[in-house]
Amino acid sequence: MYRSRITGLGKYVPENVVTNDDLSKVMDTNHEWIVERTGIETRRHIAKGDGNTTAVMGVKAAKIALERADLDKQDVDLILFATLSPDYYFPGSGVLVQEMMDIKTCPAMDIRNQCSGFIYALSTADQFIKTGMYKNVLVIGSENHSGGLDFSTRGRGVSVIFGDGAAAAVVSRSEEDSGGIITTHLHSQGKFAEELALIGPSTNRWVPEIMEANDPEDTSYYPNMNGQLVFKNAVVRFSEVIVEGLTAAGWEASEIDMLVPHQANLRISQFIQKKFGLKDDQVYNNIQRYGNTTAASIPLALTEAWEEGKIKSGDKIVLAAFGSGFTWGSALIEW
Ligand code: UT7
């Protein structure tokens, strides 16, 4: 069986910085509430006319990741695109990336697992490489949240949290006989599907039906979240899936050089940090600057940690995510 490793990372965030004070001008919220409950100070939103879409941002991040991996775009054997905010209802954004980057007609697959999307995609890339089917997989996480949020006071419990952005990783067959992606663990529990969801429009309720009802109280086309229930499940599932990964890898928590958790809420990250007895420099957070970028959040944090020299060869890295579905997962990497 082959080994796989991350050989290149890249990120792209829109230039438009939106502060908490900016949001307080359009809804009843304030900087203190947002920072105290989430840790978020700013996020990026696509600006009208800046040309960004979910796929466009993904391409910008992917080009940097490929360059850092020292690969040509034609070396890409598979594109995995994780998002909950694809450019179109169908087809997926992966095929748009294939065309925009002028990559040969390789397979392109969209992964629909929200905040766990990057871990699901990374695990999928790992399996394709370990079996020998592909050598180089381009994994992208990208989100355009701002286009679909309710920026009235009604939506404040959700809309202050999410930000736009993209990041990408090149996962390649390793020439070495140790290290790389050691183990990945994925879970889902559809019982809670509607606790964090965007329910309409859907195949059960197409746009004409919504338009005909013309109900101003209908918020089904905005993301809906039972924040407290999600929070409570998140801290439990994050812990479980990290322990599951550590056990499979045979690592102690004290051996973790860097934990990169999905950036959902700084308070969740701090809870996990305390639970595993990790020091501040063993956990990477950037939710303060970008908010929750869902499928982009882990690769965005991983890329910045790497760019800042906080990840070195041989380091033991733990990635962990929890989100809508519910879905959750972990990936343990020896860098
Ligand atoms: O990435 C996917 C996974 N997502 C998560 O993991 C998110 C998990 N959940 C959370 O992070 C938190 O539940 C939130 C940050 C979403 C909310 O924080 P909370 O401490 O659970 O607040 P809450 O929903 O219990 O709301 C408390 C109060 C309410 O007012 P009342 O009913 O006490 O008068 C809300 O209406 O805060 C109010 N509120 C706000 N106030 C100012 C809700 N949103 C806002 C806001 N600004 N933006």
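Between which two elements does the loop with Pro201 lie? Select Pro201 to start. The loop runs between β9 (196-197) and α7 (207-213). Keep in mind that this is a predicted model.

**Stop 1: backbone oddities**

Stay on Pro201 and look at the bond before it. The peptide bond from Gly200 to Pro201 is cis, and omega is near 0 degrees.

Next, select Gly325 and Phe326. A cis peptide bond joins this pair too, with omega at about -15 degrees. Phe326 sits in the loop between β12 (316-323) and β13 (327-334).

Now pick Asn214. This residue belongs to the loop between α7 and β10 (224-225). Check its phi: about 45 degrees, a positive value, although Asn214 is not a glycine. Why flag these spots? Most peptide bonds are trans, and most residues other than glycine have a negative phi.

**Stop 2: the ligand and its shell**

Select the ligand and expand the selection to residues within 4 Å. You should pick up 22 residues. The closest are Thr29, Arg37, Gln228, Asn265 and Asn292.

Colour the shell by residue class. It divides into 10 nonpolar, 8 polar and 4 charged residues.

Now colour by domain. Domain 1 (3-174) and domain 2 (180-334) each give the shell at least three residues.

Switch to cartoon and show the helices. Four of them each supply at least two shell residues: α2 (31-38), α6 (156-159), α8 (227-249) and α9 (266-275). Which helix gives the most? Select α8, which contributes 4 residues.

**Stop 3: polar contacts**

Show the side chains of Trp33, His262 and Asn292, then draw distances from ligand oxygen atoms to side-chain N or O atoms.

- Trp33: an oxygen atom of the ligand is 3.1 Å from a side-chain N or O atom.
- His262: the corresponding distance from a ligand oxygen is 2.9 Å.
- Asn292: here a ligand oxygen is 2.6 Å from a side-chain N or O atom. Asn292 is also among the closest residues of the shell.

How much of the ligand does the protein bury? Taken alone, the ligand exposes 950 Å², and the protein buries 73% of that.

**Stop 4: the pocket**

Finish by hiding the ligand and turning on a surface for the protein. The space the ligand takes is the second largest pocket.

Notes:
Residues are numbered from 1 along each chain as its sequence is written. This is a predicted model: local features need pLDDT of at least 70, side-chain atom pairs count only at pLDDT 80 or more; totals for chains, interfaces and linings use all residues. Side-chain values use heavy atoms; hydrogens and water are left out. A polar contact is a pair of N or O atoms within 3.5 Å; within protein, one must be able to donate a hydrogen and the other to accept it, and residues adjacent in sequence count only if both atoms are side-chain atoms. Accessible areas come from the Shrake-Rupley method with a 1.4 Å probe; for residues, only the protein chains shown count as cover. On a 1 Å grid over the protein atoms alone, a cavity is a set of points where a 1.4 Å probe fits but cannot get out, and a pocket is an open set with protein on both sides within 12 Å along at least five of seven lines; lining residues have an atom within 4 Å of a point. A molecule sits in a cavity or pocket if more than half of its atoms lie within 2 Å of its grid points. Ala, Val, Leu, Ile, Met, Phe, Trp, Tyr, Cys and Pro count as nonpolar, Asp, Glu, Lys and Arg as charged, and the others, Gly among them, as polar. Domain bounds come from an automatic or database domain assignment.
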